[in-house]
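Here is a small set of exercises to work through with the structure open beside you. Try each task before reading its solution.

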Amino acid sequence: MTESQQRQRILENWQTVSEEVAQAATQAGRGIDEVKIIGVTKYVDAETTADLVDAGCTMLGENRPQVLWQKAESDALASKPITWHMIGHLQRNKLRRLLRYHPIIHSVDSRRLLDAIGEEATTNGEVVKILLEVNISGDATKTGLDPETLRTILNQDPHRWIQIDGLMAMAGLGTDQQTAGEQFAAVRRLRDDLSKSSGLELNELSMGMSGDFSEAIAEGATMVRIGSRLFEGVM
Ligand SMILES: *Cc1c(COP(=O)(O)O)cnc(C)c1O
């Protein structure tokens with residue numbers, strides 16, 4: 001595949017996925033601008049990632065902090081208008097360097113991480129936007145906070161420099177689309193409940209990937225994290 005064929009293929013993938021996301025939103029009676037597509041670029045290098053940005057996808061998700069900052073610093077991407085989203089497990093010792101790129105952190109999965117973000121944000125004097133990751137499937141191998149811990153966190157004194165925008169969730173491994181839909185509905189109900197008890201809006205729901213984004217949008221997702229569908233035919 002030549003470079004220009006690859007660019008073309010990624011552009012087509014982006015357009016197809018964007019249309020499907022818009023359709024799912026419309027079918028759910030929601031506005032098409034209520035759902036943001038986070039292009040998950042963990043499968044490809046910086047140059048291929050740049051093709052996706054050029055196609056129109058400017059919100060990018062990476063699951064490894066080192067890869068996120070390497071890409072953010074790369075010649076191919078450094079000057080492009082990108083909002084970074086950290087979507088994978090994050091170790092506290094990676095935080096300082098990561099925060100230079102002002103990512104929205106979807107994967108806050110422990111109180112220790114939350115407190116560490118609070119400390120760094122205070123040092124920097126800059127607000128960090130985060131989502132709390134919920135383990136909705138009850139799958140012990142999955143990361144994420146259980147609902148009770150979430151409630152405790154949201155009811156304790158907030159960190160001054162952390163803005164908690166909502167929740168992030170993944171369907172359990174190997175779940176079919178219908179079960180995924182039920183899990184997403186449970187996340188939305190949990191959010192509604194936590195929002196009421198904490199007084200925080202928690203507007204963002206980051207849920208849905210290549211195989212289940214339509215179900216997630218039907219249940220209220222405001223951010224879908226899509227990777228493989230965008231790179232079909234090029235990886
Ligand atoms: C890889 C990944 C995605 C994207 O998955 P696809 O099935 O390739 O769309 C979404 N969220 C997280 C946390 C991921 O690690």
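A salt bridge here is a side-chain nitrogen of Lys or Arg within 4 Å of a carboxyl oxygen of Asp or Glu. Keep in mind that you are looking at a predicted model.

**Exercise 1. Salt bridges across the chain**

Task: Find out which parts of the chain are tied together by the salt bridge between Asp193 and Arg151, and decide how exposed its two residues are.

Solution:
- Step 1. Start with the distance: the side chains of Asp193 and Arg151 meet at 3.2 Å, N to O, which satisfies the 4 Å limit.
- Step 2. Next, place the residues. Asp193 belongs to helix α7 and Arg151 to helix α6 (residues 147-155), so this pair joins parts that are 42 residues apart in sequence.
- Step 3. Now check the surface. Asp193 has a relative accessible area of 37% and is therefore partly exposed; Arg151, with 22%, is also partly exposed.

Task: Do the same for Arg97 and Glu73, which form a salt bridge too.

Solution:
- Step 1. The N to O distance for Arg97 and Glu73 is 2.9 Å.
- Step 2. Arg97 sits in helix α4 and Glu73 in helix α3 (residues 65-73), so the bridge ties together parts 24 residues apart in sequence.
- Step 3. Arg97 is partly exposed at 31% relative accessibility, and Glu73 is partly exposed at 33%.

Task: Which parts of the chain does the pair Glu20 and Arg229 link?

Solution:
- Step 1. The closest N and O atoms of Glu20 and Arg229 are 2.9 Å apart, and the two form a salt bridge.
- Step 2. Glu20 is in helix α1 (residues 3-27) and Arg229 in the segment after β8 (223-226), so the link spans distant parts of the chain, 209 residues apart.
- Step 3. The two ends differ in burial class: Glu20 is partly exposed at 27%, while Arg229 counts as buried at 19%, because the limit for buried is under 20%.
- Step 4. To finish, set these pairs in context: the count comes to 14 salt bridges, and Arg7, Asp51, Asp54 and Lys80 are linked in a network of them.

**Exercise 2. How α1 meets α2**

Task: Work out whether α1 and α2 are roughly parallel or oblique to each other, and describe what surrounds α2.

Solution:
- Step 1. The axes of α1 and helix α2 (residues 46-55) come within 9 Å and cross at roughly 50°.
- Step 2. Angles under 35 degrees would count as roughly parallel, and 65 to 115 as roughly perpendicular; α1 and α2 are therefore oblique. The crossing is right-handed.
- Step 3. Look at the residues that meet. From α1 come Gln6, Arg7, Ile10, Leu11 and Trp14, and from α2 come Thr48, Asp51, Leu52, Asp54 and Ala55. Arg7, Asp51 and Asp54 also belong to the salt-bridge network with Lys80.
- Step 4. Eight of the 10 residues of α2 are buried, so this helix is largely enclosed by the rest of the structure. Among them are Ala50, Leu52 and Val53, and the cover over the buried residues includes α1, β1 (36-40), β2 (59-62) and α3.

**Exercise 3. The nonpolar core**

Task: Which residues touch the most other members of the largest nonpolar core?

Solution:
- Step 1. In soluble globular proteins, nonpolar side chains tend to be buried together.
- Step 2. The largest core here has 66 residues, and those touching the most other members are Val21, Ile105, Ile117, Ile130, Leu132 and Val224. The element that gives the most to this core is α1, with six residues.
- Step 3. Take Val224 as an example. Beyond neighbours within four places in sequence, its contacts include Val21, Val35, Ile37, Met207 and Phe213.

**Exercise 4. Two positive phi angles**

Task: Are His102 and Leu202 buried or exposed?

Solution:
- Step 1. Most residues other than glycine have a negative phi. His102, however, has a positive phi near 45°, and Leu202 has one of about 50°.
- Step 2. His102 lies in the loop between α4 (95-99) and β4 (104-108), whereas Leu202 lies in the loop between α7 (177-198) and β7 (204-206).
- Step 3. His102 is exposed, at 51% relative accessibility. Leu202 is buried, with a relative accessible area of 2%.

Technical notes: Residues numbered from 1 in each chain as written. Predicted model: local features only at pLDDT ≥ 70, side-chain atom pairs only at ≥ 80, totals over all residues. Heavy atoms only, no water. Helix = DSSP H or I, 4+ residues; strand = E, 2+ residues; numbered from the N terminus. Buried < 20%, exposed > 50% of the residue type's maximum accessible area, 1.4 Å probe, protein only. Core = buried A, V, L, I, M, F, W, Y, C linked by side-chain atoms within 4.5 Å. Contact = heavy atoms within 4.5 Å. Axes fitted to C-alpha atoms, helices over the stretch in contact; angles between N-to-C directions. Parallel < 35°, antiparallel > 145°, perpendicular 65-115°, else oblique. Left-handed = near helix turned anticlockwise from the far one by under 90°.
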